[in-house]
Amino acid sequence: MLALLLANSPWRQWYLDLSETVVGISSIGPLQVHLDLTVAEWAADGLLAVFFFVVGIELKHEFVAGSLRSPKEAGVPILAAVGGMAVPAVIYAVVVTTMGDPSALEGWAIPTATDIAFALAVLAVFGKGLPIAIRTFLLTLAVVDDLLAIIVIAVFYTDELHFAYLGAALVAVALFGWHVRSRTPRWWLLIPLFVVAWALMHASGVHATVAGVLMGFTVAARPAHGEAAPRTQRYEHAVKPWSQGLALPLFAFFAAGVDLMDGGGVVEIMGQPVVPAIVAGLVVGKVVGVLGTTALVTRLTPLRLAQGIGVRDLLPIALLAGIGFTVSLLVAELSFGHGSEHTLGAKAAILLASVLAAVLGALMLRWDARQARSSDMNRDDLEDNVTEFIGDESDRQAH
């Protein structure tokens, strides 16, 4: 909100100048490091590495000890996540092509993302009384969505690859992993290793946030050296406040400031083909992709939904998956560049679609919570054994 207000106020030039201010150095002696970035780029490339480090930790924990450790249990949400990315991409491509703007096809990945933090937050507030399995489904879907988004960023948004820097970055990641798994890791060694790995990954041409994910993956997800809890849990609790309290707000401050006054006005910006393409992709495409894939998987394969989850529960989940925000804003800048005409329209569409998906998801969650639930919601001919619900005492203590 602050970004939107500043970008459309008498202080908008100050806001734009601040975003475009270059900070850093391009080289250290003969070595080109390419760290002469604008403030907005530092927020997107630098601060988001902290956010993606937490994502990497969450992924590691889910794969080793969480909802993704059993392929049979995770099969449906994993495939639903794939469908929830493929359908929005197709819808986006069809809309921008039909509306005569094929140059916008580079943004095909924008409506494929899901913002884990916002989606889970809406579920926590409006999903009280629903089975815990619904949150596990959403978490699994969102985690796989993020993993696929990271792969898309690494593969499709790498213009030029420098193998020497990439090799050095992987060595730095390995050193970070070795130390973070040692008996007594020190934060004053981990932070410099993190920065070095990030800088080398940035210089390699691969988006620097990938370094954050890789280092998150190196954190041990099972208790070691006589510790009571896994380090993934400890590091997530330690870093998450910095991620959600500093990195994400600053990124959003520089990424969400859509100039509706100098950018041709509201009508011109909202009239771009990318706007209906992204809104349709996030709000409609996610629902069609998640529900359609789940229907096919549960009918054509032995895979089934978890106990306590019915098909009707997937409508609010699919709507929440349409909250793109963080990753979608990042992909928009990677697709079109900072401040371009398409970028303004894409950002406006992401904000609109995310709010719409959140509101519709919240309304459907309250409707779902008020409906009577059968003893076999997942229709596997076995009586559901559901004892934990979102918002009850045990859930509040755990989350």
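Select Leu250 to begin: with 33% relative accessibility, this residue counts as partly exposed (between buried, under 20% relative accessible area, and exposed, over 50%, with a 1.4 Å probe and protein chains only). The model is predicted, so local features need pLDDT of at least 70 and side-chain atom pairs count only at pLDDT 80 or more, while totals for chains, interfaces and linings use all residues. Residues are numbered from 1 along each chain as its sequence is written, and side-chain values use heavy atoms, without hydrogens and water.

Leu250 lies in helix H10 (helices are DSSP runs of H or I, at least four residues, numbered from the N terminus). Next, add Ala43 and Leu47, which Leu250 contacts when neighbours within four places in sequence are left aside (contact: heavy atoms within 4.5 Å). Trow in Trp42 as well: its C-alpha atom is 9.9 Å from that of Leu250, although 208 residues separate the two along the chain.

Now display H10 (residues 231–255) with helix H2 (residues 12–20); the two pack at about 120°, their axes 10 Å apart. Tyr15, Leu18 and Ser19 of H2 meet Phe253, Phe254 and Ala255 of H10.

Move on to Phe137, which, neighbours within four places in sequence aside, touches residues including Val76, Pro77, Leu305 and Ile317.

Finally, colour the chain by pLDDT (the predictor's confidence in each residue, from 0 to 100). The mean for the protein chain is 90, and 98% of its residues reach 70 or more. Among its elements, helix H16 (residues 393–398) has the lowest mean, 68, and helix H7 (residues 163–180) the highest, 96.

Note on methods: Axes are lines fitted to C-alpha atoms, for helices over the stretch in contact, and angles run from 0 to 180 degrees between N-to-C directions.
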